[in-house]
Amino acid sequence: MGDRHAHQQRLHQSQKGPSASQILAIVTLLPVGGTLVCLAGITLVGTLIGLALATPVFLLFSPVIVPATLTIALAVAGFLTSGAFGITGLSSFSWILNYFRQGKSMVPESMEAAKRRMADAASHLGQKTKDAGQTIQSKAQEGKEGTKT
């Protein structure tokens, strides 16, 4: 009897439609994902155009190393930025898809747990930074004492 009631209740909930948190997720993440994918495309096109324009200049002024290095560095940076925007946009789309497939909604308990994990991670990062600073300071002190003797 209890199973049948729970099953009917699940059916009734599934017929309600999306929850407020699901609508909020779509409203916020869909434009962000779309914008990032557009930025990835624009960056890729800009990088390709820049590379096409810079290649003849590079060939004409090949004895000059600085422009060559600058051109290569800018091309690599453009491709990496384009890839980062694309991956970020696609991962947000993937998250939205998985979010709705699982039918979950954001509950305050999970938000509190996420806040606690972030605080713990920030605390851990602060401690690691402090330890690294102390290590560098002790090595500098050893080097300073080594040059005095």
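Here is a chat that works through a predicted model of one protein chain.

Q: What does the secondary structure of the protein chain come to?
A: There are 4 helices and 0 strands. Reading from the N terminus, the order of elements is α-α-α-α.

Q: OK, and how much of the protein chain is buried?
A: Buried residues are 12% of the 149 residues. The surface that the protein chain exposes comes to about 11,800 Å², and 69% of that is supplied by carbon and sulfur atoms.

Q: What about contacts, how many of those with a separation of 6 or more link residues 24 or more positions apart?
A: That share is 92% in the protein chain.

Q: Let's go helix by helix. Where does α2 sit, and how far does it reach?
A: Helix α2 covers residues 20-60, which is 41 residues. From first C-alpha to last it reaches 60 Å, close to the 60 Å expected at 1.5 Å a residue.

Q: Where's the kink in α2?
A: At Ala-54, shortly before the proline Pro-56, with a bend of about 30 degrees. Ala-54 also belongs to the buried residues of α2.

Q: Which other residues of α2 are buried?
A: Besides Ala-54, the list has Ser-21, Gln-22, Ala-25, Gly-33, Leu-36, Ala-40, Thr-43 and Thr-47.

Q: Some of those are three or four places apart. Why would that matter in an α-helix?
A: An α-helix has 3.6 residues a turn, so residues three or four places apart point the same way.

Q: And what do the buried residues of α2 pack against?
A: They pack against α3, residues 65-102. Going the other way, the buried residues of α3 pack against α2.

Q: Which residues are buried in α3, then?
A: Ala-68, Ala-75, Gly-78, Ser-82, Gly-86, Gly-89, Ser-92, Ile-96 and Tyr-99.

Q: How does the span of α3 look against 1.5 Å a residue?
A: It agrees, because the 38 residues should span 56 Å and the end C-alpha atoms of α3 are 55 Å apart.

Q: What follows α3?
A: Gly-103 does, and its phi is positive, near 70 degrees.

Q: Back to the serines. Why does Ser-82 count as buried?
A: Because its relative accessibility is 9%, and the cut-off for buried is under 20%. Ser-82 lies in helix α3.

Q: Which residues does Ser-82 touch?
A: Leaving out residues up to four places away in sequence, Ser-82 touches Ala-40, Thr-43 and Leu-44. Of these, Ala-40 and Thr-43 are on the buried list of α2.

Q: And Ser-92, buried or exposed?
A: Buried, since Ser-92 has a relative accessible area of 12%. Ser-92 is in helix α3 as well.

Q: Which residues is Ser-92 in contact with?
A: Setting aside neighbours within four places in sequence, Ser-92 is in contact with Leu-29 and Gly-33. The C-alpha atoms of Ser-92 and Gly-33 are separated by 5.7 Å, although the two residues are 59 residues apart along the chain.

Q: Where is Leu-29 found?
A: In helix α2. Leu-29 counts as partly exposed because its relative accessibility is 22%.

Q: Which residues does Leu-29 contact?
A: Not counting neighbours within four places, Leu-29 is in contact with Ser-92, Trp-95 and Ile-96. Leu-29 and Gly-89 have C-alpha atoms 9.2 Å apart and are 60 residues apart in sequence.

Q: New topic. Which residues does UniProt list for "transmembrane region"?
A: The unreviewed UniProt entry lists residues 20-41, 48-66 and 72-97.

Q: How much helix is there in residues 20-41?
A: That span is 100% helix and 0% strand, and its end C-alpha atoms lie 32 Å apart.

Q: And over residues 72-97?
A: The chain is 100% helix and 0% strand there, with the end C-alpha atoms 37 Å apart.

Terms used
Residues are numbered from 1 along each chain as its sequence is written. This is a predicted model: local features need pLDDT of at least 70, side-chain atom pairs count only at pLDDT 80 or more; totals for chains, interfaces and linings use all residues. Side-chain values use heavy atoms; hydrogens and water are left out. Helices (H or I, at least four residues) and strands (E, at least two) are DSSP runs, numbered from the N terminus. The expected span of a helix is 1.5 Å times one less than its number of residues. The bend at a residue is the angle between axes fitted to the seven residues ending there and the seven starting there. Buried means under 20% relative accessible area, exposed over 50%, partly exposed in between (1.4 Å probe, protein chains only). Contact means heavy atoms within 4.5 Å. Accessible areas come from the Shrake-Rupley method with a 1.4 Å probe; for residues, only the protein chains shown count as cover. UniProt positions are given in the numbering used here, feature names are shortened, and annotations may be inferred rather than shown by experiment.
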